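Open the model in your viewer and keep the selection tool at hand. We will go from stop to stop, picking one part at a time.

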Amino acid sequence: MSVIGARLPRKEDPRLLRGRGRFGDDISVPGQLWARIVRSPSAHGQVRGLDVTEAASAPGITKIITAKDLPPGLVIPVRLAVGSADLSPYLQPVLAADTVRYVGEPLAVVVGDDPYACEDAAELVVIDIAELPAVIDAVSADAGEHTAAELTLGFGDTDAAFAGARHVVSIELAIGRHTGVPLEPRCLLAVPGPENSDLSELDIFGMTKVPVFNRDLLAGMLGLDEALIHVHAIDAGGGFGIRGEFYPEDFLIPWLAIRLGRPVKWAEDRAEHLMAANHSRQQHHRIAAAFDDGGRITGLRDDIVHDNGAYCRTHGVAVPELTVAMLPGPYRIPAYRGRVRVVLTNKTPCGTYRAPGRFEGTSAREHLLDVAATQLGIDPIELRERNLLTKDDMPHDRHITTLGTDLVLDTGDYPALLAAAVKEADRLGYRTEAHLVSPGGISPGGAAGPKPRGFGLAMFVEKSGLGPQETADVTVSKSGTVHVFSGGTSVGQGIETVLAQIAADALGVDPLVVRVVAGDTAAQPFGAGSWASRSTVVGGTAVHQAATAVRERAVQLAARMLEAAEEDLEVRDGSIGVRGDPNARVTLAAVARAAGPAGGYLADGEPAGLSARCRFEVARMTYPYGVHAAVVEVDVGTGRVRVLRYLVAYEVGRAINPMLVEGQLIGGVAQGIGGALFEEFSYDDAGQPQAITFIEYRMPTAAEIPPVDVLLTQDAPSPGNPLGVMGAGEGGVNAVGAAVANAVRDALGLAGGIGQLPLTPARVRALADRREGAA
Amino acid sequence: MRDMHAIRLRVNGRDHDLVVEARRTLADMLRHDLGYTGTHLGCEHGICGACTVILNDAPVRACLVFGVQADGAEVRTVEGLAHGEQLSDLQQSFSDHHALQCGFCTPGFLMLAEAYFADSDTAALTEARARELVAANLCRCTGYQGIVEAVLATARARGDAKGSSS
């Protein structure tokens, strides 16, 4: 049996279970200093003065810097440039100089030999800010003054479609501001090299996600050669899009380390994280669909206000672009226009969070379809069936580009997955349970009672495998150990296990002899990182190709060693032998030794070593898809929503390790339930953040997350890569907002939409009251 | 003037003497003074539970306990769970049930469960009670399903072992 598709235990587990993982703050070096960032207490204002005199004389303080100490004009550039808008006026400075624009914006850095002393001294910095009015609500903000960019994507004649429509259905839906919140706060350790070292001038621990990009950016900002900066691969306590982007601290800490000639470590606290690391998701949708007599969509349009916070950070306007690009989902839509206005407010700047733009867009589209189903008198599942693209439509070119690639839905049988999901939900009793009389009251479909239940379903298309490339090196050492050096990074997803399985499969070895280093810039200087559900698809294929090249080279050398023809050789169980002759066999270790400089089997001019480097390039993404279904119970009295059952049906092309794919999907659902019901960064009128601890920012616990049912299908292998794989990182979270919103709407028997996520108790009570008032 | 105290404690069976500032948390002392970096800090305000250790048989949030409060105490951390190269049954169960992804919260869940097991009738642990126990801590990756299953499976195995030996 192939190791591809096997539910192997993870290579990462033993070290993490023993407490021997190596996370950012686990690493300390002799002579290390600690840094503390002084942050703006005001949402908007003119900085009149920063007096660091008293702080600088506090015990144990080495240095305090403000914007005046930095090279002038330093801003964080956009990593993911899309569209044509010039975002340069909206980029974030490394330290604020004259103006602060959100609470938490870095103003100064205190460096000292003890983190407690640094925190004390940071509080002694006297900050004099003349407050200015804060813009909090993007929808009501002055469009001319606060709009950073506008994007429109679409196809067909949308105006004509709506003008000639038999039915038009529209809703408004606001998506709440929330984000990834990995459990490990951000941490960075920068270690300057010994003077005149030719090896490295700067060692960095704590850059994840896109270490090569960040290294190159940092090199440019510091005026250093990029090869003299070594970003080390370490464990990361969760990524989710937010960790590992280039933040102001990613310049400040290395710059201070070089300037002071000492290692400098910064480990943020949770309050800092919640007001300084990227927020996400906050959008307001006005979405409408036009239908013909048969309930078929003839046009779709969405006008979106995207609240991007105070600056455009590394993602630029990628999230709003993805929102409108992916909004048509799995449906046949003759005419579509998605417009998004990117508004700047005096709140924490935004970036990507797992399924960026899709959680938002899927919520709007799928909630609209449920409202339309009610208004058209068609069952919501039936309405979707009538409008899905079919197998015969594939590949389907949307004539839209996103992230610089043509959006072509590459493969799939959407109606088949919808049917399978409904069948599975029914087999598990979802709809029966949803419309049963619950202990405290009665339901079905919105009848009165203290605890009505509801069923909700949503369908979506994901994207994965973003290029343009990934590079992998595979080397066999003399012991027979296979070393994989990947440009992906480990953020908890199990990349070491998955890449080991891919390499082991290609090389015919046990995955236990494969070691994977992911995201070390010295070991793999051409990596593109782990994000956008790309690592198994693009990184995995690069490993597959490099391991296959090593296998071919090993066969070539084994043929010389065994004095046999290459075509008579077979590769299995870590050795190469002549088919049918058990005595004519050499191990991969022996081949690796034979490939050494003195191994005796190299031809003239051949390089030593049994290794290969391969680059996998891909022009387009590959598009997995899925269906979510939820059963909820709504306590009308308290407004509490409980998710009782949850199903994810997901097409992944081919699962390298189904256990890990299921883990991604289930974990994604939990995050989605957070965004649908609990998690929200709210602000007061002055722009003061109201959620800066885990008391106010309510992440779900095991008490709020039901067991999740997963129906994993592998019926539509991706045509875009030799393994047939699609990404799995974001399919669990994509449609949770939609499925939960639809289930709550069903439970309450609402005629219109729910209006706003997350469905906090206060909002649910208001919906219930409105329903009762109408009845 | 820093308020320093000489203390002695035992961590995973090993004695340590050290001088700590009065305000230094047990978590920082374990991690940065004694090198037990398996105890992780996720929030430093007692909600997430990643820093859970066992202090004199009780689970505590090491971010909410001062180091000096551990003077004379016995502390168990995640580093003390495995038997040499052999993972403990609970650790193995976490791997078997895919109860961890990034692994940052994992030490806290392991110590929480061990403290519970030491104090309870493991054979009687129900899924509802296991879920309630696991709800004490936060995990951002797994959706908790594997954690609940791993805790439950270990409790049952230990309960069976206890039952058959008595």
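What follows is a tour of a predicted model, with something to select at each stop.

**Stop 1: colour by confidence**

Start with the whole model. Its scores are ipTM 0.98 and pTM 0.97. Now colour by pLDDT. Chain A averages 96, and 97% of its residues score at least 70. Chain B also averages 96, with 98% of its residues at 70 or above.

Next, select residues 439-447 of chain A. Here pLDDT stays under 50. The model still has 28 contacts for this stretch beyond four places in sequence. Where pLDDT is low, the predicted coordinates should not be read in detail. Look, then move on.

**Stop 2: the domains of chain A**

Give each domain of chain A a colour. Domain 1 takes residues 24-133, 185-236 and 243-276. Domain 2 takes 283-465 and 620-774. Domain 3 is residues 466-617.

Now show domains 2 and 3 of chain A together. Their centres, taken over C-alpha atoms, are 40 Å apart. How many residues of domain 2 of chain A are in contact with domain 3 of chain A? There are 18, and they meet 15 residues of domain 3. On the domain 2 side of this contact, nine residues are nonpolar, eight are polar and one is charged.

**Stop 3: a sheet of five strands**

Stay in chain A. Select strands β7, β15, β14, β13 and β8. Across the sheet they lie in just that order. The sheet is open, and its pairing is mixed. Which strands sit at the edges? They are β7 (147-155) and β8 (167-175) of chain A, and each pairs on one side only. Neighbouring strands of the sheet are turned against each other by 10 degrees on average, direction ignored.

Zoom in on β7(A) and strand β15 (residues 336-343) of chain A. Eight bridges link this antiparallel pair. For one of the pairings, pick A:Phe155: its bridge partner in β15(A) is A:Tyr336.

Then add helix α10, residues 358-376 of chain A. This helix packs on the sheet. It touches β8, β13 (283-291) and β14 (297-307) of chain A. The direction of α10 makes about 140 degrees with that of β8(A).

**Stop 4: a sheet of three strands**

Go further along chain A and select β22, β23 and β24. These three strands form an open, antiparallel sheet, in the order β22-β23-β24. The edges are β22 (569-572) and β24 (585-587) of chain A. From one strand to the next, the twist averages 20 degrees.

Four bridges join β22(A) to β23(A), residues 575-578. Click on A:Leu569 and look across to β23(A): its bridge partner there is A:Val578.

Now switch on helix α15, residues 535-562 of chain A. It lies across β22, β23 and β24 of chain A. It runs at about 125 degrees to β22(A).

**Stop 5: two helices crossing**

Keep α15(A) on screen. Add helix α14, residues 495-507 of chain A. The two axes come within 8 Å and cross at roughly 35 degrees. The crossing is right-handed.

Show side chains at the contact. On α14(A), the residues include A:Ile495, A:Leu499 and A:Ile502. On α15(A), they include A:Gly539, A:Gly540 and A:Val543. By class, the contact between α14(A) and α15(A) has 10 nonpolar, six polar and one charged residue.

**Stop 6: chain B by itself**

Hide chain A for a moment. Chain B is assigned two domains: domain 1 (4-80) and domain 2 (89-165). Their C-alpha centres lie 22 Å apart. The contact takes 17 residues from domain 1 of chain B and 13 from domain 2 of chain B.

Select β3 (52-55) and β4 (58-61) of chain B. Each gives two or more residues to the domain 1 side of this contact. β3(B) gives the most, with three residues. That side has nine nonpolar, six polar and two charged residues.

**Stop 7: where the chains meet**

Bring chain A back. Here 43 residues of chain B are in contact with 45 residues of chain A. Select α2 (89-96), α3 (106-119), α4 (127-134) and α5 (145-165) of chain B. Each gives two or more residues to the side that touches chain A. Which element gives the most? It is α2(B), with four residues. The chain B side of this contact divides into 19 nonpolar, 17 polar and seven charged residues.

Definitions and conventions:
Residues are numbered from 1 along each chain as its sequence is written. Chains are lettered from A and ligands numbered from 1 in the order in which they are written. This is a predicted model: local features need pLDDT of at least 70, side-chain atom pairs count only at pLDDT 80 or more; totals for chains, interfaces and linings use all residues. Two strands pair if DSSP finds at least two bridges between them. Axes are lines fitted to C-alpha atoms, for helices over the stretch in contact, and angles run from 0 to 180 degrees between N-to-C directions. Two residues are in contact if their C-beta atoms, placed from the backbone, lie within 7 Å. Ala, Val, Leu, Ile, Met, Phe, Trp, Tyr, Cys and Pro count as nonpolar, Asp, Glu, Lys and Arg as charged, and the others, Gly among them, as polar. Domain bounds come from an automatic or database domain assignment. A crossing is left-handed if the near helix is turned anticlockwise from the far one by less than a right angle, and right-handed if clockwise. pLDDT is the predictor's confidence in each residue, from 0 to 100.
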